[in-house]
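Biologist: I am new to this structure and would like a close look at a single part of it. Could you take me slowly through that part and then show how it sits within the whole?

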Amino acid sequence: MDNNRGSPSVPINLLQIGLKYTNEPPQGVKAGVKRTYNGVTQDQLDITNMPQWKPMLYTVAILHTVVQERRKFGPLGWNIPYEFNQADLTASIQFLQNHLDDMDLDMV
């Protein structure tokens, strides 16, 4: 379907007068980190008592923010364009949590 033509079941006039919303990433690293941390719940912060958990979670949030911010420069500096989205952030946090849960406490 061509997005510019609409759908046969939705009149084009309705699409033209309707409100349009976009979800753009915030500008700047500080705003991006705030946005990333808004998605982190208190349960996620308290999921483990390992002292490495919160600093590593912060590091993953910074990585997510920097990659999101870097997208606006296009292919400069990147070999393959890849959008590190919310699903990737969630998977990274889960991997980090699993890794810390499997760590031997004597090694810490």
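Modeller: Met103 counts as partly exposed, because its relative accessibility is 25%, and buried would mean under 20%. This residue belongs to the segment after α5, and although 53 residues separate Met103 from Met50 along the chain, their C-alpha atoms are 9.8 Å apart. All of this is read from a predicted model, and the values that follow are computed from that model.

Met50 leads inward, since it is one of the 11 residues of the largest nonpolar core, which also takes in Val40, Trp53, Leu57, Val60, Val67, Phe84, Leu89, Ile93, Leu96 and Leu100. Two elements each give two or more residues to this core, namely α4, which covers residues 53–70, and α5, which covers residues 86–102. As a general background, nonpolar side chains in soluble globular proteins tend to be buried together.

The pairing of α4 with α5 deserves the longest look. Two packed helices are described by the angle between their axes and the distance between the axes. For α4 and α5 the angle is about 155° and the axes lie 10 Å apart; angles over 145 degrees count as roughly antiparallel, and α4 and α5 are therefore roughly antiparallel to each other. The crossing in which α4 passes α5 is right-handed. On the α4 side the contact is made by Trp53, Met56, Leu57, Val60 and His64, and these meet Gln86, Leu89, Ser92, Ile93, Leu96, Gln97 and Leu100 of α5. Sorted by kind, the residues of this contact are 8 nonpolar and 4 polar, with no charged residue.

Val60 shows the pairing at the level of one residue: apart from neighbours within four places in sequence, Val60 is in contact with Leu89, Ser92, Ile93 and Leu96. Leu63 is also placed in helix α4, but at 47% relative accessibility Leu63 counts as partly exposed. The C-alpha atom of Leu63 is nevertheless 9.2 Å from that of Leu89, a residue 26 places away along the chain. In helix α5 lies Gln94, which is likewise partly exposed, with a relative accessible area of 39%; Gln94 and Gln44 are 50 residues apart in sequence, while their C-alpha atoms are 9.8 Å apart in space.

Helix α4 has a further partner in α2, which spans residues 29–38, and here the two axes come within 9 Å and cross at roughly 125°. That makes α2 and α4 oblique to each other, and α2 passes α4 in a right-handed crossing. Val29, Gly32, Val33, Thr36 and Tyr37 of α2 meet a set of α4 residues, among them Lys54, Leu57, Tyr58, Ala61 and His64. The residues of this contact divide into 7 nonpolar, 4 polar and 2 charged. Leu57 and His64 thus appear in the contact with α2 and also in the contact with α5.

To place this part within the whole, the protein has 5 helices and 0 strands, so that its pattern along the sequence reads α-α-α-α-α. Of its 108 residues, 21% are buried. Among contacts between residues at least 6 apart in sequence, 53% join residues at least 24 apart.

Methods. Residues numbered from 1 in each chain as written. Predicted model: local features only at pLDDT ≥ 70, side-chain atom pairs only at ≥ 80, totals over all residues. Heavy atoms only, no water. Core = buried A, V, L, I, M, F, W, Y, C linked by side-chain atoms within 4.5 Å. Buried < 20%, exposed > 50% of the residue type's maximum accessible area, 1.4 Å probe, protein only. Helix = DSSP H or I, 4+ residues; strand = E, 2+ residues; numbered from the N terminus. Contact = heavy atoms within 4.5 Å. Axes fitted to C-alpha atoms, helices over the stretch in contact; angles between N-to-C directions. Parallel < 35°, antiparallel > 145°, perpendicular 65-115°, else oblique. Left-handed = near helix turned anticlockwise from the far one by under 90°. Nonpolar A, V, L, I, M, F, W, Y, C, P; charged D, E, K, R; others polar.
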